[in-house]
Amino acid sequence: MPRIPMPAVPYASTAVRPDWADLPADLRTAITARLGAPVTWATTAGGGFTRGFAAVLDTADGQRAFVKAASLSGQRHLTDWYAREMAVTAALPTAVPAARPQWTLTAAGYYVICLDAIEGRMPGLPWEPADLDAALAAWAVAAQALRQPPDELVAVGLPRSPR
């Protein structure tokens, strides 16, 4: 088997993202108010494809939430992507193993989305058989659940796969 070269960038850290403390204070206050309890810990997502804020936030009342935020002026393309992400995830059948949307917020010049925080990790390279098995099992469940996409998902405008 030929050796597959590793990526030049750290595999689990593909985006440079702001940390919770880097967000404007009034935005942090608005997010905290929407969460309903003070944020006690923030774990910034290292992976991803954007420079928008993305982190799992832990609150004083034991809540965990995955929150993303982008500037309405400087990152308008991200705000559009985040809005689309919320529309798509809201329309997914419950059988699809995916984070569920909780709420959106516009505050302090930012668009914010909140989804369920899901336990997980980035598989190492090369993938271990258990990681591949878990990913393939999740994709099989999603493929079966989306075999006949619900009308709500079709209405979002996702293209159909060729059969």
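Begin by selecting Thr104, and then look straight across the sheet, where Thr104 stands opposite Ile113 in strand S5. One step along, Trp103 stands opposite Cys114, which is likewise in S5. What you have open is a predicted model, and the tour moves from this pair of strands to the whole sheet, then to the helices and to a few single residues.

**The hairpin of S4 and S5**

Select strand S5 (residues 110-116) together with S4, and you will see a pair that runs in the antiparallel sense over six bridges. Strands of a sheet pair through backbone hydrogen bonds, either parallel or antiparallel. Now move to the turn of this hairpin, which has two residues between the strands, and select Ala108, which sits in the loop between S4 and S5. The phi of Ala108 is near 55 degrees, a positive value in a residue other than glycine. Most residues other than glycine have a negative phi, and most peptide bonds are trans. As for its surroundings, Ala108 is partly exposed, with a relative accessible area of 39%.

**The whole sheet**

Next, widen the selection to the five strands, which form an open sheet in the order S1-S2-S3-S5-S4, with antiparallel pairing. Strand S1 (39-44) and strand S4 (101-107) stand at the edges, and because each has a single partner strand, one side of each is left without a neighbour in the sheet. If you look along the sheet, neighbouring strands are turned by 25 degrees against each other on average, direction ignored.

**The helices across the sheet**

Keep the sheet in view and add helix H1, which lies across S1, S2, strand S3 (64-71), S4 and S5, and which runs at about 145 degrees to S4. Then add helix H2 (residues 76-91), which lies across S2, S3, S4 and S5 and runs at about 30 degrees to S5. Taken from the N terminus on, the elements of the protein chain run α-β-β-β-α-β-β-α-α, which is a total of four helices and five strands.

**Thr89 in helix H2**

Stay with H2 and select Thr89, which has its place in this helix. Is Thr89 buried or exposed? Its relative accessibility is 11%, so Thr89 counts as buried. A polar atom of the Thr89 side chain lies 3.3 Å from the backbone oxygen of Met86. Beyond residues up to four places away in sequence, Thr89 touches Ala99, Arg100, Pro101 and Leu115.

**Leu57 in strand S2**

Now go to Leu57, which is found in strand S2 and which, at 0% relative accessibility, counts as buried. Showing its contacts brings up a long list once neighbours within four places in sequence are set aside, including Trp20, Ile31, Leu35, Trp41, Ala42 and Val67. Val39 is also one of these contacts, and the C-alpha atoms of Leu57 and Val39 are separated by 6.4 Å, although the two residues are 18 residues apart along the chain.

**The aromatic pair**

Trp20, one of the contacts of Leu57, leads to the next stop. How many aromatic pairs does a search of the whole structure find? The search finds one. It is made by Trp20 and Phe53, whose ring centres are 6.2 Å apart and whose planes stand at 45 degrees, so the pair is tilted. Trp20 lies in the segment before helix H1 (25-35) and Phe53 in strand S2 (residues 53-59), so the pair ties together parts that are 33 residues apart in sequence. Both partners can be coloured by burial: Trp20 is buried, with a relative accessible area of 14%, and Phe53, at 1% relative accessibility, counts as buried too.

**A cis peptide bond**

Move on to Pro126, which has its place in the loop between S5 and helix H3 (129-145). Select the peptide bond that leads from Leu125 to Pro126, which is cis, with omega near -10 degrees.

**Stepping back**

Finally, show the whole protein chain with its surface. Of the 163 residues, 34% count as buried. The chain exposes about 10,300 Å², and carbon and sulfur atoms supply 60% of that area. Among contacts between residues at least 6 apart in sequence, 57% join residues at least 24 apart.

How values were computed: Residues numbered from 1 in each chain as written. Predicted model: local features only at pLDDT ≥ 70, side-chain atom pairs only at ≥ 80, totals over all residues. Heavy atoms only, no water. Phe/Tyr/Trp six-rings, centres within 6.5 Å; stacked < 30°, edge-to-face > 60°. Buried < 20%, exposed > 50% of the residue type's maximum accessible area, 1.4 Å probe, protein only. Pairing = 2+ DSSP bridges. Axes fitted to C-alpha atoms, helices over the stretch in contact; angles between N-to-C directions. Contact = heavy atoms within 4.5 Å. Polar contact = N/O pair within 3.5 Å; in protein donor to acceptor, adjacent residues only side chain to side chain. Areas by Shrake-Rupley, 256 points an atom, 1.4 Å probe, with all protein chains shown as cover.
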